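Me: Hi! I'm new to this structure, so could you walk me through it?

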Amino acid sequence: MNQNEFMHLVNPFKDRLFRMAKRLLVSTEEAEDATQEVLLKLWNRNENLYEYKSIEAMAITMTKNYCLDQLKSKRASNMTIVHNNFTDREASLQQKVEDNDTWNWVEKIINDLPELQKLIVQMRDIEEMEFEEISKILEMKEQAIRTALSRARKVIREKMIKTHHHGIG
């Protein structure tokens, strides 16, 4: 496989790899490094890539594992999920402020979730991945993923209700 064929193969999902790395590692520079490492590992396997059922799923798994290794070696409990496409472009200034405030609360709550629940919320609700794909990447049964996602969403919902009805939580 030559360089152009490889780039044609990885271009459709390389941004997804970066976004996942960014959500896990927080730092843009670290996320870029992680993405580059994974792409380099894929390039080193380029002759055998077509043997895999889903190269994208393998790359996402490699990215997840690389990032988790980095977190374990540096700062195991310092994960931040960032999402900056939350507000509606047509919304009023007041609505934008309220949306931003709400997202900040959701982000804070997500940051307090266990690591696995954070990953599942990231993959399903932010990256909009299918349960089957998440199941392959995390090597878990779909039902276990659905259960973890349900529990995470319940925690988020309960804490948001508590915050909105009783002030700062």
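Reply: Happy to! One thing to know at the start is that this is a predicted model. A good place to begin is the largest pocket, with a volume of about 190 Å³.

Me: Which residues line the largest pocket?

Reply: The lining is made by Arg45, Lys53, Ser54, Ala57, Met58, Thr61, Met62, Lys136, Ile137 and Glu139.

Me: And which elements give two or more residues to that lining?

Reply: Those are helix 3, covering 55-74, and helix 6, covering 131-138. Helix 3 provides the largest share, with four residues.

Me: What does the lining look like by class?

Reply: Four of the lining residues are nonpolar, two are polar and four are charged.

Me: OK, switching to helix packing. At what angle do helix 1 and helix 2 pack?

Reply: They pack at about 145°, and their axes are 8 Å apart. Helix 2 spans residues 28-44. As for handedness, the crossing of helix 1 with helix 2 is right-handed.

Me: Which residues make that contact?

Reply: From helix 1, they include Phe6, Val10, Phe13, Leu17 and Phe18. From helix 2, Ala31, Val38, Leu39, Leu42 and Trp43 are among them. Sorted by class, the contact of helix 1 with helix 2 has 13 nonpolar, three polar and four charged residues.

Me: Does helix 1 have another partner to look at? How about helix 5: where do I find those two, and how do they cross?

Reply: Helix 1 is residues 3-25 and helix 5 is residues 115-126. Their axes come within 11 Å, crossing at roughly 140°. Helix 1 and helix 5 are therefore oblique to each other. This crossing is right-handed.

Me: Who's touching whom there?

Reply: Helix 1 brings Arg19, Met20, Arg23 and Leu24, while helix 5 brings Leu119, Gln122, Met123 and Ile126. That group splits into five nonpolar, one polar and two charged residues.

Me: Back to helix 6 for a moment. How do its axis and that of helix 5 cross?

Reply: The axes of helix 5 and helix 6 cross at roughly 140° and come within 10 Å. That makes helix 5 oblique to helix 6. The crossing of helix 5 and helix 6 is right-handed.

Me: Which residues are in contact there?

Reply: On helix 5, they are Leu116, Leu119, Ile120, Met123 and Arg124. On helix 6, they are Phe131, Ile134, Ile137 and Leu138. By class, eight residues of this contact are nonpolar, none is polar and one is charged.

Me: Ile137 rings a bell. Where did that come up before?

Reply: In the pocket! Ile137 is one of the residues lining the largest pocket, and Ile137 also belongs to the contact of helix 6 with helix 5.

Definitions and conventions:
Residues numbered from 1 in each chain as written. Predicted model: local features only at pLDDT ≥ 70, side-chain atom pairs only at ≥ 80, totals over all residues. Heavy atoms only, no water. Axes fitted to C-alpha atoms, helices over the stretch in contact; angles between N-to-C directions. Parallel < 35°, antiparallel > 145°, perpendicular 65-115°, else oblique. Left-handed = near helix turned anticlockwise from the far one by under 90°. Contact = heavy atoms within 4.5 Å. Nonpolar A, V, L, I, M, F, W, Y, C, P; charged D, E, K, R; others polar. 1 Å grid on protein atoms, 1.4 Å probe; cavity = no way out; pocket = protein on both sides within 12 Å on 5 of 7 lines; lining within 4 Å. Points joined across faces, edges and corners; volume = space filled by probe spheres on them.
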